[in-house]
Amino acid sequence: MLAITELHVSYGAIGALQGLTLKVERGSIVTLIGANGAGKTTTLRTISGIVKATSGTITFDGEDVTNIAPHKIVARGLAHSPEGRMVFANLSVMENLRMGAYLRRDKSEIAASLDFVFAMFPRLKERLKQTAGTLSGGEQQMLAIGRALMGKPKCLMLDEPSLGIAPILVQTIFEKIVEINRSLGLTILLVEQNANLALEISHYGYVLETGRILLQDTSAALRENTAIQAAYLGG
Amino acid sequence: MIEFLQQLINGLAQGSIYALIALGYTMVFGVLRFINFAHGDVFMLGAFAGLYTAPSLLKLCGGGPSFPGAAAVLLAAMLICAVIGILIEKLCYRPLRDRPRLTVLITAIGVSLFLENAGQYAFGADPQSFPEIITDRALEIPESWGALSALTLTVGQLLVFGVTFFLLIGLRAIVRHTRTGMAMRALSFNPVAASLMGVNTDVVISFTFGLGSALAGAAGILTSIQQPSIDPLMGINIGLKAFVAAVLGGIGNIPGAALGGILIGLLEALVVGYINPSYRDAIVFGVLILILLVKPSGLLGKPEREKV
């Protein structure tokens, strides 16, 4: 579904990604774990076209999408729920969801997606008229994921969905991510600092260190790996 | 009392003009976070667009000054200004999109100077009288209104109120209820997030410039029907005051710009009527300093903060 080959990205003289290669199989949850500054967010931002790659290729659904404009990538079915949620705090919850469906025209299909989002996150339905800025951090994260789903993507990228959220809600949100993956068969690329949680719900994992893939394996195997336990799982 | 009401009418008419121009400043600031200092000159170009299109458009609408003729001139000026605004953004600001904001700001001052001087070259530096597109006369206020019949209200002023009101309602509908309007608001909050929704930010920015410039064009016509002549430098002072109005209302805030414009217009009229006409500009710019000292986010603006 999504394949990245030898991707290089630099911010000025600093090489943020130095030859990153990874693959996301259709229908799977793949996670990218690593310390702060390893290049996780940069990877997602480059796939989305927000950051330009200096070299390397990104193919999505069989087509080369390297360095094309963000709005064109969204149009191909790749949604990105960004780090820090970036909900439109000045818009209502409903308007945020409608922004997620910005490129879609079919009213009945949009309504179906809306129903799905409400089924996943009933709390959003209660807060439809509220300005998104008045939601709690956890609710904003639900909104960010719901908004990304409104585009009816083929693949969803989630950047740090656990960041700055009450622990109880983190559990709920991760359960929902699994549910979304199962019920829609939606391919998910998950970037997470909370490696424990990420490896628990994903099928395959990549460990990123200073812009390179250090290690890759099935998530179950990574959880058993003693080096990973020591470095990332607090064990 | 009558004199006070008269000043309010005059102030409201001038304030409407400021409001229409201030909206362009504030909308462009909303999407690009910079002040388009050439905006006042787009207002001037609106007046000249009227000057040059009026003869043929009036002929088309049956000859002399008439409401349909005035409406046609107004629409033509708005359309021409929209195109000019979109071109200015495309040619001058878009290539600098990723540069520091100061670069774009200085470019805007350059564009402003260019338009003023090119205007003097193309239109001539001398003031020209604006064609009569509508017969501007004082309306008869019936004696039965008592003391109020002493008030002077002109057709031009009434047109200013009507057109401004109509444009403000229309703008509100576009911004609040259309897909592009929603994209504008999303973009002004977070351009990256908007592009991740599939918004082509270049298109929305062009649309914003077109919309703001069309309002400035309308203001150009509304000003010209009330004053005897127009000249290529007429946008400088009015443009700066509309900028003060946008800051007063809260830069980036659309209702704020309209409110700020009206308030500046009223303030000017009261200064002229009760203090001294020569203090008018000093007091308006004093308001700018005051608002920046006391409440930099403006009357309706909210300080930006992030929630975790």
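**Close-up 1. Helix α1 of chain B, a mostly hidden helix.** Of the 31 residues in α1(B), 22 are buried, so the rest of the structure largely encloses this helix. Keep in mind that everything shown in these views comes from a predicted model. How far apart are the end C-alpha atoms of α1(B)? They sit 44 Å apart, which agrees with the 45 Å that 31 residues should span at 1.5 Å a residue. Just past the helix comes B:Arg33, with a positive phi near 60°.

**Close-up 2. B:Leu20, a residue inside helix α1 of chain B.** B:Leu20 belongs to α1(B). Is B:Leu20 buried or exposed? B:Leu20 has 31 other C-beta atoms within 10 Å; the cut-off for buried is 20 or more, so this residue counts as buried. Setting aside neighbours within four places in sequence, B:Leu20 is in contact with B:Thr164, B:Leu167, B:Leu215, B:Ala216, B:Ala218 and B:Ala219. Another residue to look for here is B:Ile174: 154 residues separate B:Leu20 and B:Ile174 along the chain, and their C-alpha atoms are separated by 15 Å.

**Close-up 3. The largest nonpolar core and B:Ala218.** This core has 162 residues, and B:Cys81 and B:Ala218 have the most contacts inside it. Which helix gives the most to the core? That would be α1(B), with 14 residues. Now look at what surrounds B:Ala218. Not counting neighbours within four places in sequence, B:Ala218 has contacts with B:Leu20, B:Gly46, B:Leu74, B:Ala77, B:Met78, B:Val163 and B:Leu167. You met B:Leu20 in the previous view, as a residue of helix α1 of chain B.

**Close-up 4. Two residues with a positive phi.** Most residues other than glycine have a negative phi, which makes the pair in this view worth a look. In chain A, A:Glu6 has a phi near 50°, and its place is in strand β1. A:Glu6 is partly exposed, with 13 other C-beta atoms within 10 Å. In chain B, B:Arg33 has a phi near 60°. Where is B:Arg33 found? It sits in the loop between α1 and α2 of chain B. B:Arg33 counts as partly exposed, with 13 C-beta neighbours inside 10 Å.

**Close-up 5. An open antiparallel sheet in chain A.** Four strands line up here in the order β2-β1-β4-β5, with antiparallel pairing. Why do β2(A) and β5(A) each have one side left without a neighbour in the sheet? These two strands stand at the edges with a single partner strand each, so one side stays free of a sheet neighbour. Further in, β1 (residues 2-11) and β4 (residues 55-60) of chain A run antiparallel and are joined by five bridges. To find your way along this pair, look for A:Ile4, which stands opposite A:Ile58 in β4(A).

**Close-up 6. Helix α1 of chain A, packed on the sheet.** This helix, residues 40-47, packs on the sheet and touches β1, β2 and β4 of chain A. The direction of α1(A) makes about 70° with that of β2(A). How many of the eight residues of α1(A) are buried? Eight of the eight are, so to speak, under cover. Among the buried residues are A:Lys40, A:Arg45 and A:Ile47. After the helix comes A:Gly49, with a positive phi near 90°.

**Close-up 7. Strand β3 of chain A and its parallel partners.** Six of the six residues of β3(A) are buried. A:Ile29, A:Thr31 and A:Ile33 point one way, while A:Val30, A:Leu32 and A:Gly34 point the other way. Five bridges join β3(A) to β8(A), and the two run parallel; in this pair, A:Ile29 has A:Ile188 as its bridge partner. β3(A) is also joined by five bridges to β9(A), again in parallel, and there A:Ile33 stands opposite A:Val207.

**Close-up 8. Where chain B touches chain A.** The contact takes 16 residues from chain B and 23 residues from chain A. On the chain B side, the elements giving two or more residues are α6 and α7. Which element gives the largest share of that side? Five residues come from α6(B), the largest share. Sorted by class, the chain B side has ten nonpolar, four polar and two charged residues.

Methods. Residues are numbered from 1 along each chain as its sequence is written. Chains are lettered from A and ligands numbered from 1 in the order in which they are written. This is a predicted model: local features need pLDDT of at least 70, side-chain atom pairs count only at pLDDT 80 or more; totals for chains, interfaces and linings use all residues. Two residues are in contact if their C-beta atoms, placed from the backbone, lie within 7 Å. Ala, Val, Leu, Ile, Met, Phe, Trp, Tyr, Cys and Pro count as nonpolar, Asp, Glu, Lys and Arg as charged, and the others, Gly among them, as polar. Two strands pair if DSSP finds at least two bridges between them. Axes are lines fitted to C-alpha atoms, for helices over the stretch in contact, and angles run from 0 to 180 degrees between N-to-C directions. A nonpolar core is a set of buried Ala, Val, Leu, Ile, Met, Phe, Trp, Tyr and Cys residues joined through C-beta atoms within 7 Å. A residue is buried if 20 or more other C-beta atoms lie within 10 Å of its own, exposed if 12 or fewer, and partly exposed in between; C-beta atoms are placed from the backbone. The expected span of a helix is 1.5 Å times one less than its number of residues.
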